[in-house]
Amino acid sequence: MTAERPGTERPIQGAVVLIPAYNPGAPLLETARRLLQAGVHHIVVVNDGSGPECEPVFSKLETEDRCTVLRHAVNLGKGRALKTGFNHIYLNFKRVPGVVTADADGQHTAHDILKIGDCLTADAQRLTLGARSFSRTVPFRSLFGNLVTKYIFYLLVGTKLSDTQSGLRGIPMFLLPHLLKLDGEQYEYEMNMLLITRDLHVPVR
């Protein structure tokens with residue numbers, strides 16, 4: 001299997017930022033504010049069936065220029081939220097170099113999101129991962145989970161990655177149709193996204 005690369009049409013500078021959100025709070029608004037101030041091309045937020053108490057957050061985002069909110073009636077999982085966002089972006093922003101995914105809890109700063117976007121704009125032929133620094137304060141469950149998935153990824157793909165579970169990713173536009181067909185509705189979808197790079201011969205940075 002090979003992935004179809006984009007044609008010669010000149011892309012718009014700057015990636016679209018996609019944030020799946022379930023019961024978010026103030027950190028999402030702050031991240032969006034900083035991204036918009038920095039001139040990000042567009043932000044797409046997927047409300048994955050959040051409670052009614054979170055509606056003010058999404059209503060505020062909808063008042064911002066260059067910000068779109070998509071909604072699930074019920075919580076369907078991060079994988080499904082990502083696919084909902086990918087579908088919308090592929091239909092409406094085809095000329096951007098790709099999509100930067102980030103989490104809604106504020107752990108990914110606007111600065112780091114923009115850095116991944118710059119990498120994607122500079123090289124829209126590879127998948128770029130933002131890798132976390134695993135310090136002693138990281139919960140054992142997270143450390144163990146990342147260790148296991150790193151090992152599995154290396155066995156299956158033959159590439160060593162320091163952080164396979166990072167939600168901060170720069171995804172080229174040509175990959176979106178392939179990712180929309182992938183199995184996975186929850187967090188396993190993010191691992192499946194990495195595994196498909198082997199079949200499509202897409203390098204991972």
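**Note on the predicted model: Thr197, two cores and a helix pair**

1. Start with Thr197. A polar atom of its side chain lies 2.4 Å from the backbone oxygen of Leu194. The model is predicted, and this distance is computed from it. Thr197 sits in helix H7. Its relative accessible area is 3%. The cut-off for buried is under 20%, so Thr197 counts as buried.

2. Helix H7 also matters for the largest nonpolar core, to which H7 gives the most, with seven residues. That core has 30 residues. Those with the most contacts inside it are Leu18, Phe86, Ile89, Ile171, Leu176, Leu179 and Met193. At least two core residues come from each of strand E1 (16–21), strand E2 (42–48), helix H3 (78–92), helix H6 (176–180) and helix H7 (188–200).

3. Take Leu176 as one of these. Leaving aside residues up to four places away in sequence, Leu176 touches Phe86, Ile89, Tyr90, Val99 and Ile171.

4. There is a second, separate core of 25 residues. Among its members are Ala15, Ala32, Cys54 and Leu61.

5. Now the helix pair. The axes of H1 (residues 26–37) and H2 (residues 55–62) come within 10 Å. They cross at roughly 10°. Angles under 35 degrees count as roughly parallel, so H1 and H2 are roughly parallel to each other. On the H1 side, the contact is made by Leu28, Leu29 and Ala32. On the H2 side, Val57, Lys60 and Leu61 make it. By class, this contact has five nonpolar residues, one charged and no polar.

Conventions. Residues numbered from 1 in each chain as written. Predicted model: local features only at pLDDT ≥ 70, side-chain atom pairs only at ≥ 80, totals over all residues. Heavy atoms only, no water. Axes fitted to C-alpha atoms, helices over the stretch in contact; angles between N-to-C directions. Helix = DSSP H or I, 4+ residues; strand = E, 2+ residues; numbered from the N terminus. Parallel < 35°, antiparallel > 145°, perpendicular 65-115°, else oblique. Contact = heavy atoms within 4.5 Å. Nonpolar A, V, L, I, M, F, W, Y, C, P; charged D, E, K, R; others polar. Core = buried A, V, L, I, M, F, W, Y, C linked by side-chain atoms within 4.5 Å. Buried < 20%, exposed > 50% of the residue type's maximum accessible area, 1.4 Å probe, protein only. Polar contact = N/O pair within 3.5 Å; in protein donor to acceptor, adjacent residues only side chain to side chain.
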